[in-house]
Amino acid sequence: MYRKFLRLTKSLTVSFEKVVNFLTTQEHNPLYFHGALPLYIFWFLIFSGILLWMYYIPTLDRAWSSVNYISALPVPGDPVNEAAGIPYGAVVRGIHRWGAAGMMITTILHMLRVYFTDRHRSWRWLPWVTGVALLAFVLFVGLTGYLLVWDARAYYIVVATQRLLEAVPVAGAALSRFLVGGDGITDYTLTRFLFFHVGGAVLIFLLVWMHFIRLKQPVATPSRATNFMVLGFILVAAGTLPAINITRELLQKYAADPRIAAQALYVASDAPAQIGTLVDTIRYDAWYMFPYWLVQNVGVTWTWLILGGATLLLCVAPFYPKDRRANIAEVIEAKCTGCTFCSQDCPFEAITMVDRAPGSKFKQIAVVQAARCSECGICVGACPFQAIELPELHSKTLEADLLDLVKKGA
Ligand code: HEM
Ligand code: SF4
Ligand code: SF4
């Protein structure tokens with residue numbers, strides 16, 4: 001049943017990609033760069049993040065205003081807001097904000113693609129499990145980014161996170177103190193959030209390296225046209241709806257301006273945080289703030305159960321249904337000369353050369369590590385002695401099939 005489901009999702013995904021090929025051509029179909037896209041967008045986040053960092057002041061009384069200084073409301077004709085800020089600061093912030101949404105969207109797309117096409121099981125469990133960790137880190141880095149603005153929404157999120165952490169048995173209180181760096185929220189809290197945000201981004205790099213360990217030639221750069229398309233999308237989005245801070249007064253003042261209304265919906269931050277004054281509800285960024293939507297709507301316990309359950313399901317996905325793994329390369333002992341060609345050519349380092357017993361005709365024999373074998377068949381082609389075969393695609397059977405086809409063609 002589950003296998004049938006995966007077969008169906010695979011054929012639907014492939015059909016959908018074929019439709020997109022008509023629009024973009026096969027060479028530039030962005031869906032074929034599903035893994036490369038989050039990595040590409042990550043570079044935008046790093047460069048725009050470094051620029052923002054130059055002006056950011058991580059203290060309770062300066063954080064909001066330092067972010068506001070970067071991106072003062074670009075309303076033509078408003079003397080205060082036109083005069084303040086740094087040129088294109090709001091656009092750089094916009095690139096960071098739209099890029100963050102793009103990173104999450106493309107990461108989820110990538111995850112769905114590998115899942116729907118059944119490329120997440122057997123030896124691919126490592127890229128999958130590190131992928132789950134990457135997803136968690138993308139979420140973590142995005143959320144800590146929202147905290148840095150130190151607006152009413154950030155304060156709301158900190159309080160809700162403390163509630164979530166305090167519900168953890170035994171360690172709850174300690175975790176909550178760890179989050180804010182002490183008994184209450186102080187300047188150190190923001191220094192800590194900045195550390196979480198930047199440190200988390202560095203860890204993403206480390207995880208990407210682990211993600212690639214078992215992938216011989218990962219497609220890690222999109223085509224030039226796809227690059228330009230993504231670049232164009234982020235720049236147009238950041239140019240038309242740059243990220244700004246918006247106080248309630250400003251929102252009222254510019255309520256009639258549709259662009260400000262759209263910004264308030266998508267990319268604007270709230271009024272400055274006031275410790276002790278908690279807003280009733282916040283604007284939820286669908287990509288990063290869904291856990292807090294859950295906290296508000298189903299409560300702390302259910303939020304933990306839903307998030308924990310989803311993570312567990314994702315982590316076990318590569319191990320279900322059990323792989324038949326009938327096509328792992330097999331070495332024919334009598335024919336193997338120990339020449340090492342197969343182990344040199346195997347892209348997944350699945351073949352090791354092992355010494356034979358003293359007095360044997362050949363010194364070594366190739367041994368396949370089943371857990372690493374991806375059933376690609378490269379070793380079969382590499383062996384000059386026909387000493388290694390894929391049981392379900394035996395070279396003799398393939399040869400016979402080919403001859404048959406040639407005869408039919410003739
Ligand atoms: C920061 C986020 C991520 C980045 C930058 C990233 C990057 C990549 C790249 C470049 C590839 C190679 C794609 C190819 O060769 O076609 C790849 C493969 C893979 N990724 Fe990710 N990934 C991310 C997140 C995830 C997530 C969230 C999952 C799943 C939970 C995941 C699961 C996989 C799997 C299973 C493969 C192997 C697929 C195959 O061999 O076709 N990745 N990833
Ligand atoms: S089929 Fe051969 S080359 Fe391919 S992974 Fe398995 S052992 Fe390596
Ligand atoms: S290439 Fe063939 S003969 Fe050489 S070590 Fe591998 S299996 Fe043995």
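## Exercises on a predicted chain

Leu390 is buried, at a relative accessible area of 4% (buried is under 20%, exposed over 50%, partly exposed in between; 1.4 Å probe, protein chains only). The model is predicted: local features need pLDDT of at least 70, side-chain atom pairs count only at pLDDT 80 or more, and totals for chains, interfaces and linings use all residues. Residues are numbered from 1 along each chain as its sequence is written, chains are lettered from A and ligands numbered from 1 in the order written, and side-chain values use heavy atoms, without hydrogens and water.

**Exercise 1. Place Leu390 and find what it touches.**

Step 1. Locate the residue. Leu390 sits in the loop between strand 4 (388-389) and helix 17 (395-409). Helices (H or I, at least four residues) and strands (E, at least two) are DSSP runs, numbered from the N terminus.

Step 2. List the contacts (heavy atoms within 4.5 Å). Leave out residues up to four places away in sequence; Leu390 then touches Asn327, Ile328, Ala329, Glu375, Cys376, Gly377 and Val380.

Step 3. Check a long-range pair. Glu330 is 60 residues from Leu390 in sequence, yet their C-alpha atoms are 6.3 Å apart.

**Exercise 2. Describe the site of the iron atom of ligand 1.**

Step 1. Find the protein donors (N, O and S atoms within 2.8 Å of the metal, 3.2 Å for Na, K and Ca). His110 and His211 coordinate the iron through NE2, at 2.0 Å.

Step 2. Trace these two ligating residues. His110 belongs to helix 5 (residues 89-116) and His211 to helix 9 (residues 187-212). The pair is 101 residues apart and links distant parts of the chain.

Step 3. Classify the geometry. The six donor atoms make angles of 87 to 179°, and the site is octahedral (six donors, opposite ones over 155 degrees apart, all others between 65 and 115).

Step 4. Check burial. His110 has 17% relative accessibility, so it counts as buried. His211 is buried too, at 11%.

**Exercise 3. Characterise the shells of ligands 2 and 3.**

Step 1. Take ligand 2. It is surrounded by 14 residues, the closest being Cys346, Cys373, Cys376, Gly377 and Cys379 (a residue is near with a heavy atom within 4 Å).

Step 2. Sort that shell. Eleven residues are nonpolar, two polar and one charged.

Step 3. Repeat for ligand 3. Among its 14 residues, Cys336, Thr337, Cys339, Cys342 and Cys383 come nearest. This shell has eleven nonpolar, three polar and no charged residues.

Step 4. Connect back to Exercise 1. Cys376 and Gly377 are among the closest residues to ligand 2, and Leu390 touches both.

**Exercise 4. Say whether Glu17 is buried or exposed, and name its contacts.**

Step 1. Glu17 is in helix 1 (residues 2-24).

Step 2. Its relative accessible area is 4%, so Glu17 is buried.

Step 3. Beyond neighbours within four places in sequence, Glu17 contacts Asn29, Leu31, Tyr32 and Arg113.

**Exercise 5. Inspect the backbone at Thr25, Asp118 and Pro321.**

Step 1. Thr25 has phi near 70°, positive although the residue is not glycine. It lies between helix 1 and helix 2 (36-55), in the loop. At 41% relative accessible area, Thr25 is partly exposed.

Step 2. Asp118 has a positive phi as well, near 60°. Its loop runs between helix 5 and helix 6 (125-148). Asp118 is partly exposed at 25%.

Step 3. Tyr320 and Pro321 are joined by a cis peptide bond, with omega about -5°. Pro321 falls in the loop between helix 14 (300-316) and strand 1 (330-331).

Technical notes. Tetrahedral: all angles 85-135°; square planar, octahedral: opposite > 155°, others 65-115°. Nonpolar A, V, L, I, M, F, W, Y, C, P; charged D, E, K, R; others polar.
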